[in-house]
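Work through the three exercises below with the model at hand. Each task is followed by a stepwise solution.

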Amino acid sequence: MDDDENRVRLAKDGPPAGGATAAPARQGRADEAIVSGAAYAALALLGAAFGVVGSFAQNWTAGPVPVASIVLVALVFAMVRLAGHGMGGRLGATVPAAAWVIVAFLMSVRRAEGDLVVPGTVAGYVFIVGGMVAAVAGVMLVPASRAPGEWLLRGAPRTRD
């Protein structure tokens, strides 16, 4: 009879505060946060690595046409779009795009010794300007994780459980 009363009390009041069900829920959220943080870090490393490799490869041309720069711009767009789609929101697209932009910009700045990786040629401009446009377009084409205007119409954002 005592067991039936406990079940009825649990059905009415819910589980006790600080009980056995609270710790696994917190542990699950902590694990999810660690995995998400690692995924965003990996995307930032991917964007930075792509910026370094692309900066050194962008100057390959076929005659006057900067073929490598055009291909790299398309790859920047694909990287950003797929990262956002894989992470389920625009933040996932913004992280590798921002890392790429920072690295590509730093590679185009002349150092004190006169070294320059991305020169001011047609191929360099296509790579830098086209890549930035492709990164922004890729971020904007990723669907938002929430409905448009939800922050304004429904108050504070809700967390997903």
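**Exercise 1.** In this predicted model, describe how H3 and helix H4 (residues 90-107) pack.

*Solution.*
Step 1. Take the geometry: the angle is about 145 degrees, and the axes lie 6 Å apart.
Step 2. List the residues that meet. H3 contributes Val76, Met79, Val80, Ala83, Gly84 and Met87. From H4 come Gly92, Ala93, Pro96, Ala97 and Trp100.
Step 3. Sort the contact of H3 with H4 by class: nine residues are nonpolar, two are polar and none is charged.

**Exercise 2.** Determine which residues of H3 are buried and where they sit around the axis.

*Solution.*
Step 1. Check the helix itself. H3 covers residues 67-87, 21 in number, and spans 30 Å from first to last C-alpha, close to the 30 Å expected.
Step 2. Pick out the buried positions: Ala68, Ser69, Leu72, Val73, Val76, Met79, Val80, Ala83 and Gly84.
Step 3. Place them around the axis. Their arc is only 140 degrees, so they lie on the same side of H3.
Step 4. Turn to the other side of H3: Leu82, His85 and Gly86 are exposed there.
Step 5. Look past the end. Gly88 follows H3 and has a positive phi, near 85 degrees.

**Exercise 3.** Is Ser55 buried or exposed? Describe its surroundings too.

*Solution.*
Step 1. Locate Ser55: it belongs to helix H2 (residues 22-57).
Step 2. Apply the cut-off. Buried means under 20% relative accessible area. Ser55 has 1% relative accessibility, so it counts as buried.
Step 3. Find a partner for the side chain. A polar atom of the Ser55 side chain lies 2.6 Å from the backbone oxygen of Gly51.
Step 4. Add the contacts beyond four places in sequence: Ser55 touches Ala104, Met107, Val117, Val118 and Phe127.

Technical notes:
Residues numbered from 1 in each chain as written. Predicted model: local features only at pLDDT ≥ 70, side-chain atom pairs only at ≥ 80, totals over all residues. Heavy atoms only, no water. Helix = DSSP H or I, 4+ residues; strand = E, 2+ residues; numbered from the N terminus. Buried < 20%, exposed > 50% of the residue type's maximum accessible area, 1.4 Å probe, protein only. Polar contact = N/O pair within 3.5 Å; in protein donor to acceptor, adjacent residues only side chain to side chain. Contact = heavy atoms within 4.5 Å. Expected span 1.5 Å × (residues − 1). Arc of directions from axis to C-beta. Axes fitted to C-alpha atoms, helices over the stretch in contact; angles between N-to-C directions. Nonpolar A, V, L, I, M, F, W, Y, C, P; charged D, E, K, R; others polar.
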